[in-house]
Amino acid sequence: MIANFFGPRPVFVVDFDITLFDNERYKEEAFFVTLSKVTNLNVDNIRKEYYEQTEKNGYFNFSEFCEHLFSLHNTLHFRKTINEKNIRDAVLKIDISPYIDREAFNFLKQLREIGFVVIYTEGDIDLQKTKMEKILPYLSSRTEKIPLRVPDMEGKVFGNIVNDISTSETMVIIDPKKTEHVGLLTRQLMLHGYSPWFFDDKAEVLEGAAKNDTLSKETGLLTHFVFIDRGRYAEKRKPVGLPSPEIRSFTVKDLGEAKQRIRSLLDKSRGIPRLSTA
């Protein structure tokens, strides 16, 4: 019954920022404050530049962001003493442990007993790599090597990435164009015989994944969508056009609530839940 509920070869594709990591609190308490100390710029100006740049690109580009900061403080002394490397090094040293959702990682450990877990994140590649290195011990033993993949900017290598999923219980994909590429990932997962489950706070990501739902007729597989309704992106808009049955798509505040909703759906489908109540 478990297999019937989750589908054959389930892959749980989970967002990182917001879903597993309190990115909003991290930015306000650590990221913007650290940048202010390094650059001597006002936190409000830094915050404004960050959101304008992210809104324009659809993701965070650190190099472009630094150029905007330099334009705010364009003096010869500033240029000689502060550069992108100074700023990046300071950010990479931030302790991110207070912002990690440990309950969410415990849930991922349980999902790994049922299928494969893919942490799919967007943003600056170097910054996200550093975050991943710091958070993966919460998910796996120190001896386990979790593969990390970065697609090319056209998303042409998703077939190769999906081929590698079966070699590990967990994979990390860092993709600055995640919103644009998620449909390619969905298609490759389904064509390779996986049943995708998407957990994300960004409506555009879930909608992009749902565009390949027509493959269900061809493959006999179903996609599932869990909208994490918190954070800036979730406040901006909610997903539309997702499959309507509750068993296919639903909205929760966090992965803790997602766990309880899945347990409830399992009970309704007369499955035997393997997700512990702890």
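The points below go through the sheet, two helix pairs and one lysine of a predicted model.

1. The sheet is open and has 7 strands, which follow the order 3-4-2-1-5-6-7 with parallel pairing. Its edges are formed by strand 3 (148-149) and strand 7 (249-252), each of which pairs on one side only. At the strand 3 edge, 2 bridges join strand 3 to strand 4 (residues 170-174), and these two strands run parallel; within this part of the sheet, R149 stands opposite I173 in strand 4.

2. Helix 7 (residues 102-112) packs on the sheet, where it touches strand 1 (10-14), strand 2 (116-121), strand 4 and strand 5 (195-200). The direction of helix 7 makes about 135° with that of strand 2.

3. Helix 3 (residues 43-57) and helix 4 (residues 62-72) have axes that come within 10 Å and cross at roughly 140°. That angle makes helix 3 oblique to helix 4, since only angles over 145 degrees would count as roughly antiparallel. The handedness of the crossing between helix 3 and helix 4 is right-handed.

4. On the helix 3 side of this contact are N45, I46, E49, Y50, Q53, K56 and N57, and they meet E64, F65, H68, L69 and L72 of helix 4. Sorted by class, the residues in the contact of helix 3 with helix 4 comprise 5 nonpolar, 4 polar and 3 charged.

5. For helix 10 (residues 178-191) and helix 11 (residues 203-210), the axes come within 7 Å and cross at roughly 30°, and the two helices are therefore roughly parallel to each other, the cut-off for that term being under 35 degrees. Here too the handedness can be stated: helix 10 passes helix 11 in a right-handed crossing.

6. The residues of helix 10 that take part in this contact are K178, T179, V182, G183 and T186, which meet E204, V205, G208 and A209 in helix 11. The contact of helix 10 with helix 11 divides by class into 3 nonpolar, 4 polar and 2 charged residues.

7. One residue of that contact deserves a separate look, namely K178, which lies in helix 10. Is K178 buried or exposed? With 1% relative accessibility, K178 counts as buried, because the term applies under 20% relative accessible area. When neighbours within four places in sequence are left aside, K178 is in contact with D15, Y120, T121, E122, D200 and V205; of these, V205 also appears among the helix 11 residues that helix 10 meets.

Conventions:
Residues numbered from 1 in each chain as written. Predicted model: local features only at pLDDT ≥ 70, side-chain atom pairs only at ≥ 80, totals over all residues. Heavy atoms only, no water. Axes fitted to C-alpha atoms, helices over the stretch in contact; angles between N-to-C directions. Helix = DSSP H or I, 4+ residues; strand = E, 2+ residues; numbered from the N terminus. Parallel < 35°, antiparallel > 145°, perpendicular 65-115°, else oblique. Left-handed = near helix turned anticlockwise from the far one by under 90°. Contact = heavy atoms within 4.5 Å. Nonpolar A, V, L, I, M, F, W, Y, C, P; charged D, E, K, R; others polar. Pairing = 2+ DSSP bridges. Buried < 20%, exposed > 50% of the residue type's maximum accessible area, 1.4 Å probe, protein only.
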